[in-house]
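Visitor: I have not come across this structure before, so could you take me through it step by step?
Guide: Gladly; let us bring it up and begin with a single residue.

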Amino acid sequence: MTRLILASQSPARTKLLSNAGIAHEVLVSDVDEDAVQAHYGVTDPHDTALLLARAKAEAVASLPEADGALVIGCDSVFEFDGEAHGKPYTAEVAKERMLRMSGSMGVLHTGHWLVDCRDTDDSDDGGRPGSGATLGSVSSAEVHFMDMSEAEIDTYIATGEPLQCAGSFTIDGYGGAFIRKVDGDPHTVVGLSISTLRGLLGQANVDVTELWTGGAIDPAEVRAE
């Protein structure tokens, strides 16, 4: 059976995969994101997202536990007013950003990097050989925010939700109340584009349906009454 490892501790990303019925394991990388950026000197938000996704995927792919599996690494960077915004970590930074974002628009870039760790010669056991692929792609989406009052921003920050999120917001939690629309793949804003993953798997000669478990979200749970 084809194994997929998610090189991320993000609950939102693993939930996306689970809801899409995609079997996967989670193996967290120990990548120092600041050190990686400093080493390569990358500042462009689009390129930063791909660089960090690659660093995470390759770090996990180097571990013994990844032998025989495909590894997908992801990282999200929010671009606003030409600046790259990662996780704010503090309430002060989150508030300053959200006051500027109120009623405005930014672009969320999510980098994806896939490493095929399967043996490229499985002729001995009759299995299908791996592709040896190591490739990536960035999915970007425009996020348009509603006007937010200072009181709403303070209450939102008090939940703790935005402190660990690129751009200081989520679309699949409390923050969804402040997003007017998304132009692009909504999954990109959550942190992992399922369609982008499908494309990368295809380049590694793997059909996404091979990873389906039959455990996707029940359509009855989302069907309109």
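**A tour in questions**

Visitor: Where is Y174 found?
Guide: Y174 sits in the loop between α5 and β7, where helices (H or I, at least four residues) and strands (E, at least two) are DSSP runs, numbered from the N terminus.

Visitor: Before we go on, what kind of model is this?
Guide: This is a predicted model, in which local features need pLDDT of at least 70 and side-chain atom pairs count only at pLDDT 80 or more, while totals for chains, interfaces and linings use all residues. Residues are numbered from 1 along each chain as its sequence is written, and side-chain values use heavy atoms, with hydrogens and water left out.

Visitor: Back to Y174, then: buried or exposed?
Guide: With a relative accessibility of 55%, Y174 counts as exposed; the cut-offs, for a 1.4 Å probe and protein chains only, are under 20% relative accessible area for buried and over 50% for exposed, with partly exposed in between.

Visitor: And which residues is Y174 in contact with?
Guide: If its neighbours within four places in sequence are left aside, Y174 is in contact with Y156, T159 and E161, where contact means heavy atoms within 4.5 Å. P162 is 12 residues away from Y174 along the chain, and their C-alpha atoms are separated by 9.0 Å.

Visitor: New topic: how many aromatic pairs are there?
Guide: A search of the whole structure finds 5 aromatic pairs; rings of Phe, Tyr and Trp (its six-membered ring) pair if their centres lie within 6.5 Å, and planes under 30 degrees apart count as stacked, over 60 as edge-to-face and the rest as tilted. In one of them, F145 and F169 have ring centres 5.0 Å apart and planes at 85°, so the pair is edge-to-face.

Visitor: Where do F145 and F169 lie?
Guide: F145 is in strand β6 (residues 134–145), whereas F169 is in the loop between α5 (150–158) and β7 (179–183), so the pair ties together parts that are 24 residues apart in sequence. F145 and F169 are both buried.

Visitor: What about the rings of Y156 and F178?
Guide: Their centres are 5.6 Å apart and their planes stand at 65°, so this pair is edge-to-face. It links distant parts of the chain, with Y156 in helix α5 and F178 in the loop between α5 and β7, 22 residues apart, and both residues are buried.

Visitor: Which residues do ring pairs link into a cluster?
Guide: Ring pairs link F78, F80, F145 and F169 into a cluster.

Visitor: Now the interior: how many residues has the largest nonpolar core?
Guide: It has 21 residues, and those with the most contacts inside it are L4, I22, I72, L114, L192, L197 and L201; a nonpolar core is a set of buried Ala, Val, Leu, Ile, Met, Phe, Trp, Tyr and Cys residues joined through side-chain atoms within 4.5 Å. At least two residues of this core come from each of β1 (3–6), α1 (11–19), β3 (69–80) and α7 (194–203), and the largest share, 4 residues, comes from α7. Apart from this core lies another, of 18 residues, among them M101, F178, I179 and V189.

Visitor: I also see an opening; how much space lies in the largest pocket?
Guide: About 1100 Å³ of space lies in the largest pocket. Of the 39 residues that line it, the closest to its centre are S10, R13, K87, Q164 and C165. On a 1 Å grid over the protein atoms alone, a pocket is an open set of points where a 1.4 Å probe fits, with protein on both sides within 12 Å along at least five of seven lines, and lining residues have an atom within 4 Å of a point. Grid points are joined across faces, edges and corners, and the volume is the space filled by probe spheres set on the points.

Visitor: Which element supplies the largest share of that lining?
Guide: The largest share of the lining, 6 residues, comes from α1.

Visitor: One last stop: where is R118, and is it buried or exposed?
Guide: R118 lies in the loop between β5 (105–116) and β6, and R118 is buried, with a relative accessible area of 11%. R118 and G68 are 50 residues apart in sequence, yet 3.9 Å apart in space, C-alpha to C-alpha.
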